[in-house]
Amino acid sequence: MKKAFIFDLDGVIVDTAKFHYLAWRNLGKQFSYDFTEEENEQFKGVSRVRSLELLLEMANYSATQDEKNQWLSQKNEEYLSYINKMDESEILPDIPRVLDYLWSKNQGVALGSASKNARPILKRLNLLNKFQAIVDGNDVTAAKPDPQVFTKGATALETSYEHCIVFEDSIAGIQAANSAGMISIGIGEASVLHEADYVFSDFTEISNNFLDQLMA
């Protein structure tokens, strides 16, 4: 049976979280706040606007809407300066194997990401043609844990929710997949992603045999 495999981008296909962290940390310095990598974990799968709100709450800092708009633009420009230097070496281990295997089995493959920069990133990685559908931050109105980014992917692939498999590295993304009745596969720490149906450290632990089981 044809299934739909929906991939998050940041932390699943490529590690752009480090670039987000650098940009948010530098922004925090502008209002004398030392933003940590541990705090950055809370930003995974979260929209840019909500991430700024969280940062301001952490710093106990009040800002006007004009300041917020300026900082959102500034953060994104710095982030883009990092991703514009990316190439295929940034793709996380075994992602190309998994994508090629799913294509060879005629499965549906989609991207479901909060990132508004998903398409340019995939283009730089030469992975754009590996996805039959792309749903990103430009296409949705509700952020994870709302499942909209995944349900739109399922609709684009004309697949019912129960026949969708989601790969996610954030707890918000796992909760989104679960709330839609999809199979959730966490990529990362089991202690963080314990709500997922399955958890793997990375795709080197996901065998073709396991993918066959998901297709069955």
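Alanine 4 stands opposite glycine 108 in β2, and in this predicted model that placement is part of a wider pairing, since β1 (residues 4–7) and strand β2 (residues 108–112) run in the parallel sense and are joined over four bridges. Strand β1 also pairs with strand β4 (residues 164–168), again in the parallel sense and over four bridges, and there the bridge partner of alanine 4 is cysteine 164. Alanine 4 thus has a partner in β2, glycine 108, and a partner in β4, cysteine 164.

How are the side chains of strand β1 directed, and are they buried or exposed? Ala4 and Ile6 point one way from the strand, whereas Phe5 and Phe7 point the other way, and all of these residues are buried. In a regular strand the side chains alternate between the two faces of the sheet.

A buried position is also found in a helix: asparagine 40 lies in helix α2, which spans residues 37–40. Its relative accessible area is 8%, and because the cut-off for a buried residue is under 20%, asparagine 40 counts as buried. Leaving aside residues up to four places away in sequence, asparagine 40 touches Ala17, Tyr21, Trp24 and Phe35.

The loops hold backbone features that deserve separate description. Lysine 144 and proline 145 are joined by a cis peptide bond, with omega at about 15 degrees, and proline 145 is located in the loop between β3 (133–135) and α7 (148–156). Two residues that are not glycine have a positive phi, namely aspartate 94, at about 70 degrees, and glutamate 158, at about 55 degrees. The table sets these two residues side by side.

| Residue | Phi | Loop | Relative accessibility |
|---|---|---|---|
| Aspartate 94 | about 70 degrees | between α4 (65–83) and α5 (95–104) | 28% |
| Glutamate 158 | about 55 degrees | between α7 and β4 | 74% |

Which class of exposure does aspartate 94 fall into? Its relative accessibility is 28%, so aspartate 94 counts as partly exposed, while glutamate 158, at 74%, counts as exposed. The loop that holds glutamate 158 runs between α7 and β4, and β4 is the strand that pairs with β1 in the parallel sense, with cysteine 164 as the bridge partner of alanine 4.

Note on methods. Residues are numbered from 1 along each chain as its sequence is written. This is a predicted model: local features need pLDDT of at least 70, side-chain atom pairs count only at pLDDT 80 or more; totals for chains, interfaces and linings use all residues. Side-chain values use heavy atoms; hydrogens and water are left out. Buried means under 20% relative accessible area, exposed over 50%, partly exposed in between (1.4 Å probe, protein chains only). Helices (H or I, at least four residues) and strands (E, at least two) are DSSP runs, numbered from the N terminus. Two strands pair if DSSP finds at least two bridges between them. Contact means heavy atoms within 4.5 Å.
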